[in-house]
Amino acid sequence: MSTVEKSIEVNVPVSTAYNQWTQFEDFPKFMEGIEEVRQLDDTHLHWCANVAGKRKEWQAEITEQIPDQRIAWRSTTGALNAGVVTFDAIDANTTRVMVRMDYDPEGVTENVGDAIGVFSHRVEGDLERFKEFLESRGQATGAWRGNVQQGQPRPGI
């Protein structure tokens with residue numbers, strides 16, 4: 001397994017950054033290579049991506065979701081990956097968004113790309129595009145404020 005960890009400061013309140021991140025179907029608007037994300041229910045997502053020139057699909061489960069603090073996931077089929085996104089208020093209008101992701105590169109192309117930092121640069125670019133997307137709008141496109149603990153949704157706050 002390989003790990004990438006990146007963070008960025010976004011000039012919006014923590015609730016705005018968190019709310020936008022819960023809009024998983026918007027991910028193709030700022031994540032390179034992500035073609036589609038479908039939210040199947042409160043805790044399950046179907047992903048389609050172009051990785052190193054190959055189409056990949058996988059399903060993921062949100063294992064933890066605490067409003068304005070963190071979202072954790074793990075893949076349940078397809079490309080092996082897991083991670084967490086945390087949201088830390090720096091002040092009333094600035095949020096640090098940090099992504100930590102573990103993934104398993106497949107095949108020669110992905111392993112070479114991993115060795116030279118392609119995935120790390122992609123995540124960094126995704127965060128920069130997330131910042132641009134959100135700051136240019138000034139507000140989230142939607143929100144889901146529910147709690148998830150160990151894969152079980154709980155009523156929203």
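Which residues is Ala-49 in contact with, leaving aside its neighbours within four places in sequence? That was my starting point today, working on a predicted model.

**Entry 1: Ala-49**

I looked up the contacts and got Gly-33, Ile-34, Glu-35, Lys-54, Arg-55, Lys-56 and Trp-58, with neighbours within four places left out. Then I checked where Ala-49 sits, and it belongs to strand β3, residues 44-51. Its relative accessible area came out at 1%. I put Ala-49 down as buried because that value is under the 20% cut-off. I also took one C-alpha separation: Ala-49 and Pro-28 are 21 residues apart along the chain, and their C-alpha atoms are separated by 9.1 Å.

**Entry 2: helix α1**

Next I went to α1, which spans residues 14-21. I wanted to know how many of its eight residues are buried. Seven are, so I noted the helix as mostly covered, using the under-20% cut-off. The buried ones are Val-14, Thr-16, Ala-17, Tyr-18, Asn-19, Gln-20 and Trp-21. A reminder to myself: an α-helix has 3.6 residues a turn, so residues three or four places apart point the same way.

**Entry 3: Asp-26**

Gln-20 led me on to Asp-26, since the two side chains make a polar contact at 3.2 Å. Asp-26 lies in the loop between α1 and β2, the latter being residues 34-41. Is Asp-26 buried or exposed? I found it buried, because its relative accessible area is 12% and the cut-off is under 20%. Not counting residues up to four places away in sequence, Asp-26 touches Gln-20 and Thr-141.

**Entry 4: strand β7**

I then turned to β7, residues 94-103, and found it mostly covered, with seven of its 10 residues buried. Which strand is joined to β7 by nine bridges? I traced those to β1, residues 2-10, and the two run antiparallel. For a register mark I noted Lys-6, which stands opposite Val-99 in β7.

I looked up β6, residues 81-91, as well: it pairs with β7 in the antiparallel sense over 10 bridges. Here my register mark is Gly-83, whose bridge partner in β7 is Met-101. How many residues lie between β6 and β7 in their hairpin? I counted two.

One general point I kept beside this entry: in a regular strand the side chains alternate between the two faces of the sheet.

Key:
Residues numbered from 1 in each chain as written. Predicted model: local features only at pLDDT ≥ 70, side-chain atom pairs only at ≥ 80, totals over all residues. Heavy atoms only, no water. Buried < 20%, exposed > 50% of the residue type's maximum accessible area, 1.4 Å probe, protein only. Helix = DSSP H or I, 4+ residues; strand = E, 2+ residues; numbered from the N terminus. Polar contact = N/O pair within 3.5 Å; in protein donor to acceptor, adjacent residues only side chain to side chain. Contact = heavy atoms within 4.5 Å. Pairing = 2+ DSSP bridges.
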